[in-house]
Protein chains: 2
Amino acid sequence: MSWRKEQRRAERGYHHGNLKEALLQAALGLIAEKGAAGFTFADAARMAGVSAAAPYRHFRDRDELLSSIAQRGFEQFEARLSAAWDDGRPDTVTAFERVGKAYLAFAREEPAFYNAMFESGVPVDANAALQAASERAFNIIRAAAERLAALTPPGTPRPPAMMMALHIWSMAHGVASLFSRGDAARRKLPMSPDELLEAEVLIYLRGLGFPIDRRPATKGAEPPPVPPEASSGSGVPPGGPWGKPK
Amino acid sequence: MSWRKEQRRAERGYHHGNLKEALLQAALGLIAEKGAAGFTFADAARMAGVSAAAPYRHFRDRDELLSSIAQRGFEQFEARLSAAWDDGRPDTVTAFERVGKAYLAFAREEPAFYNAMFESGVPVDANAALQAASERAFNIIRAAAERLAALTPPGTPRPPAMMMALHIWSMAHGVASLFSRGDAARRKLPMSPDELLEAEVLIYLRGLGFPIDRRPATKGAEPPPVPPEASSGSGVPPGGPWGKPK
DNA sequence: AGCTCATGTGAACGACCTTTACATGAGCCG
DNA sequence: CGGCTCATGTAAAGGTCGTTCACATGAGCT
């Protein structure tokens, strides 16, 4: 019964050496399995092979551990969005689409982070560092929207970039949280969450005046609103983002 | 110390008489205050003036109480969406906009229900009645989308109504869950959640080919895509849903 | 009047969160 | 090398919860 503990102790010594990190990793795994609500401080301690009181040397309480994870999540989130955006290469619309997909991919592949960030009830303004990380992540979307807004075709009113960013964020979060994760994914859909979001964003962009489906034959620098990637990279079938109208 | 309990008992007798309902109401209040995660079965019992074991005569466990609330929430949700839709009167687009607003209004005014329905981790397919209620609510959006899809202007491909419904749902849920409730509402925005969602939906609809901002002078039955409500009821300023492009 | 069964009680178990007093040992200073 | 100090870990204990079980109560039927 207790030889395991003894053995662990032997392997590790009285001091763990890297408990904080071990706890974060353990918590991440537990949240991925059972959600932020089901995760327990005691379990994380057990998993790290220490007593239930040890975590309190590294985190004020359970909530602080949770918000640490959320913060780390926002940092990784920012990194992924940033890589997807790639400063708008090869062209703004393609890169923008990639950001949307990266958003969903993150929600799907890092359920624990996503959960801690958006569904754990951790108030974003609890921690200044957390809030800053959250803002940095959002700023990627904002910057992308800024660049996109600058490309609105002549004759069309230019939408506020901030509004565009919030719209895109709400679409991505809505799809992720309703259809792309956990039991929510069980709702049966006529298309995958990725396709759903892609179509949604494309229709939205078209509503802003971007000639998404009919690529203009014009060419040159950026000013021609949508360079000829519309058919190749972003997978828009001719006739509209949702395929043939039957 | 115990005279309060005695008094309660005296007021009420050994049997509560309506405990199930009292528990649901108590839980609703507690969830509104502290979120579904923070709500405790014991608290609900205390609030109803009964022992901690009493609730088990009416609910198998805490989760069943939660999913009962979610179910009731979906029923009220359906009622409100349905009233807002009003079978497409006075015209489809106006009614559609009203449904979007009703969605947000519900999320804002009934945070406890919304929380139980979408953020409590209750699996929708746990309970057949719950699932049915959830589907009935979604079907309002679906039906509205169906009617709207039928109005796509000639020459524009007709989008699948199901897809439209899912898009609208994800927008509404995204805005509600990110900006319209609890601490999430603290994120400072350039516009209210209602305005944000309204603009989002209008841009989206325009992307589908609906001439949202330039109302056609045509009139008659439904076939003229957007009857002259666009400027009156739905509050779209000329020049686009987001106001002047500065 | 008496029976029955739905409904409520109290006590108890195990798990969790958190605090407190105490133990250990790694790193530094002389 | 010897000893001090302080960050880090432990055990124990108090409080809350969820849940179960044996038992109490009394409303409604016969």
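A backbone N or O atom of R62(A) sits 3.3 Å from a phosphate oxygen of DNA strand C, in a model that is predicted, with local features needing pLDDT of at least 70, side-chain atom pairs counting only at pLDDT 80 or more, and totals for chains, interfaces and linings using all residues. Residues are numbered from 1 along each chain as its sequence is written, chains are lettered from A and ligands numbered from 1 in the order in which they are written, and side-chain values use heavy atoms, with hydrogens and water left out.

Chain B reaches the phosphates of strand C through its backbone too: a polar backbone atom of H16(B) comes to 3.0 Å from a phosphate oxygen, and one of S51(B) to 2.6 Å. In total, 25 residues surround DNA strand C (a residue is near the strand if one of its heavy atoms lies within 4 Å of it). The closest are A42(A), Y56(A), S51(B), R57(B) and H58(B). Of the strand atoms within 4 Å of the protein, 62% belong to sugar or phosphate, and bases make up the rest. Helix 3 (41–48) of chain A supplies three residues of this surface, the largest share; helices here are DSSP runs of H or I, at least four residues long, numbered from the N terminus.

As for the two protein chains, 41 residues from chain B and 41 residues from chain A make the contact (heavy atoms within 4.5 Å). Together they bury about 3,500 Å², 69% of it on carbon and sulfur atoms; buried area is the accessible area, taken with a 1.4 Å probe, that two parts lose on being put together, summed over both. Helix 7 (128–149), helix 8 (161–179) and helix 9 (193–207) of chain B each bring at least two residues to the side that touches chain A, and helix 8 gives the largest share, 13 residues.

What does the interface of chain B and chain A hold in the way of salt bridges? The rule, a side-chain nitrogen of Lys or Arg within 4 Å of a carboxyl oxygen of Asp or Glu, finds zero there.

Over all chains, though, the structure holds 21 salt bridges. One of them pairs E21(A) with R72(A), the closest N and O atoms being 3.0 Å apart. E21(A) lies in helix 2 and R72(A) in helix 4 of chain A, so the pair ties together parts that are 51 residues apart in sequence. E21(A) is partly exposed (20% to 50% relative accessible area, 1.4 Å probe, protein chains only) at 26%, and R72(A) is partly exposed at 29%.

Methods. A polar contact is a pair of N or O atoms within 3.5 Å; within protein, one must be able to donate a hydrogen and the other to accept it, and residues adjacent in sequence count only if both atoms are side-chain atoms.
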